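Trainee: Hey, have you got a minute to go through this structure with me? I'm new to this, so plain words please.

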Amino acid sequence: MTGRRNVISGCRFFCWIESMDGRRVWSYQNDRKVRWFDTERERMNMNKDIFWQIMEEAKEQCGRDLGWMADWLERQLRGMQPEQILKFYAILCGYQEAANKYGLWIAAELLKDNGCSDERFLYFRNWLIAQGKERYLAALKDPDSLADAGRYDNCEFVSLNYVGYKAYQELTGRDIYPDCTSEMRKEMLEEVSQEIPCHPLIEYPLEIPDA
């Protein structure tokens, strides 16, 4: 074993041990092994599928504890190459923007307390992404599907915006925001939008069909 790192987060104890080839990593929570991953695979194949795999795994490991989830995600990203962190962040931005729909905003206002400003709608979209791909796609196909979503933390996940930023800055010393260019974001939005079956009335302004 080449190293062992410990992280104290509230009452939870984490550590992970990396093998000598730098590829096989076991993750532990309270002395229980909770994950193995091949860092080389994740470095080489960051894409939409891997993005959702990581988000689903974060949900499985962390449940509704969004603070823990942010720490968990940042730790996974720190084990990747900078270009893969940048791609993760670009994919996140793509799904954030793809969900920037008027009909979904109305649903968010009904779910959340004290209204939903522009900024809080972004945090809501982060929260929706953290629910996993199935819930995310269902909400855009039919915002009413969120009626049975378990509401917690006022349906906001503020720190999801920063997990990629922190990991990228730690590894490169650079700011991820200018490195994730507008062209990169536009291309990713076009890519992720191809798989999203949006409700026909979700756009703004609403176009009500003739009776």
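Trainee: Let's start somewhere specific: where does methionine 188 lie?

Mentor: Methionine 188 lies in helix α10. Helices here are DSSP runs of H or I with at least four residues, strands are runs of E with at least two, and both are numbered from the N terminus. Before we go on, this is a predicted model: local features need pLDDT of at least 70, side-chain atom pairs count only at pLDDT 80 or more, and totals for chains, interfaces and linings use all residues. Residues are numbered from 1 along each chain as its sequence is written, and side-chain values use heavy atoms, with hydrogens and water left out.

Trainee: Okay. Is methionine 188 buried or exposed?

Mentor: Methionine 188 counts as buried, at 5% relative accessibility. Buried means under 20% relative accessible area, exposed means over 50%, and partly exposed is in between, using a 1.4 Å probe and protein chains only.

Trainee: And what does methionine 188 touch?

Mentor: Leaving out residues up to four places away in sequence, methionine 188 touches Lys87, Ala90, Ile91 and Gly94. Contact means heavy atoms within 4.5 Å. Methionine 188 and cysteine 93 are also 7.9 Å apart, C-alpha to C-alpha, with their places 95 residues apart in sequence.

Trainee: Now lysine 48, which helix is that in?

Mentor: Lysine 48 is in helix α2. Its relative accessible area is 19%, so lysine 48 is buried.

Trainee: Which residues is lysine 48 in contact with?

Mentor: Not counting neighbours within four places in sequence, lysine 48 is in contact with Ile91, Tyr95, Glu191, Val192 and Glu195. The C-alpha atoms of lysine 48 and isoleucine 91 are separated by 6.8 Å, and the two residues are 43 apart along the chain.

Trainee: Let's zoom out. How many helices and strands are there in the protein?

Mentor: There are 10 helices and four strands. From the N terminus on, the order is β-β-β-β-α-α-α-α-α-α-α-α-α-α.

Trainee: And how much of the protein counts as buried?

Mentor: Of its 211 residues, 45% count as buried. Also, take the contacts with a separation of 6 or more: residues 24 or more positions apart account for 61% of those.

Trainee: Which residues touch the most other members in the largest nonpolar core?

Mentor: Leu104 and Tyr136 do, in a core of 57 residues. A nonpolar core is a set of buried Ala, Val, Leu, Ile, Met, Phe, Trp, Tyr and Cys residues joined through side-chain atoms within 4.5 Å. Several helices each supply at least two residues of this core, including α2, α4 and α10. The largest share, 10 residues, comes from α4.

Trainee: Why would a core like that turn up?

Mentor: In soluble globular proteins, nonpolar side chains tend to be buried together.

Trainee: What is tyrosine 136 in contact with?

Mentor: Setting aside neighbours within four places in sequence, tyrosine 136 is in contact with Trp52, Tyr95, Ala98, Ala99, Leu128, Ile129 and Ile196.

Trainee: And leucine 137, where is that found?

Mentor: Leucine 137 is found in helix α7, and it counts as buried at 18% relative accessibility. With residues up to four places away in sequence left out, leucine 137 touches Glu195, Ile196 and Pro197.

Trainee: Switching to loops: which one holds cysteine 155?

Mentor: Cysteine 155 lies in the loop between α7 (133-141) and α8 (163-172). Cysteine 155 is buried, with a relative accessible area of 1%. Its phi is near 55°, a positive value in a residue other than glycine.

Trainee: What is cysteine 155 in contact with?

Mentor: Apart from neighbours within four places in sequence, cysteine 155 is in contact with Leu111, Lys112, Tyr123, Phe124 and Trp127.

Trainee: What about asparagine 114, is it buried or exposed?

Mentor: Asparagine 114 is exposed, with a relative accessible area of 73%. Asparagine 114 is found in the loop between α5 (102-111) and α6 (118-130), and its phi is near 65°, again positive in a residue other than glycine.
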